[in-house]
Amino acid sequence: TYTITAADRPGAGLACMARATDPSGAAIEGAATATVMNTDPEVTATVSPDTAAVGETLTCTATATDVNGDVPTLTYAWSTGATGPSYTVVAADNPGDSPTCTATASDADGGTATTDASATVANTDPVMVSVSIDAASGAVGDTLTCSATAADADGEAPSITYAWFTG
């Protein structure tokens, strides 16, 4: 028997020679060959942090090994269409979405392996842009109007409610 090791490069040929000899001394030889096949690399990945809001960056970290002794190259693709190990959450990403990083390991002999890791988009609190009253003062019977503008980095339209207080 022969156990293939990392020193046996993919595509290399292996040969087994056999010799049979009878009690009279007559002998014959035969041979068989096999080819070392490539073993695909193995890859694992994580995304950190596990939640991020608009404007925050997610980082995909992958590690890969190859029993054939190669050092696999890593590439990254995000479910959002972005490439590379980092992705910044944008307003088009809704709270609860799961941007997924696909890490691909490729070895020198054409083998590949992929794995996925994801995070969750967190809600971003709205921001009050402005609040104003249409007049700085008023007399009995005058009607004052309060106006407000708010924004939400998630791209949602915040609802605005009003309450009046005296004092």
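Biologist: Which residue does threonine 75 stand opposite in E8?
Modeller: This is a predicted model, where local features need pLDDT of at least 70, side-chain atom pairs count only at pLDDT 80 or more, and totals for chains, interfaces and linings use all residues. Residues are numbered from 1 along each chain as its sequence is written, and side-chain values use heavy atoms, without hydrogens and water. Strand E6 (residues 73–78) and strand E8 (residues 100–106) run antiparallel, joined by 6 bridges; strands (E, at least two residues) are DSSP runs numbered from the N terminus, and two pair if DSSP finds at least two bridges between them. Opposite threonine 75 in E8 is threonine 104.

Biologist: What is the bridge partner of serine 106 in E9?
Modeller: E8 also pairs with strand E9 (residues 112–118), antiparallel over 7 bridges. Their hairpin has 5 residues between the strands, and glycine 110 takes a positive phi near 90 degrees there. The partner of serine 106 in E9 is threonine 112.

Biologist: Why is one side of E3 and of E7 left without a neighbour in the sheet?
Modeller: The open sheet has 3 strands, antiparallel, in the order E3-E5-E7. Strand E3 (42–48) and strand E7 (86–88) each have a single partner strand, so one side of each lacks a neighbour: they stand at the edges.

Biologist: In E5, which residue is the bridge partner of threonine 44?
Modeller: E3 and strand E5 (residues 57–65) pair antiparallel over 7 bridges. Within E5, threonine 44 has as its bridge partner threonine 63.

Definitions and conventions:
Helix = DSSP H or I, 4+ residues; strand = E, 2+ residues; numbered from the N terminus.
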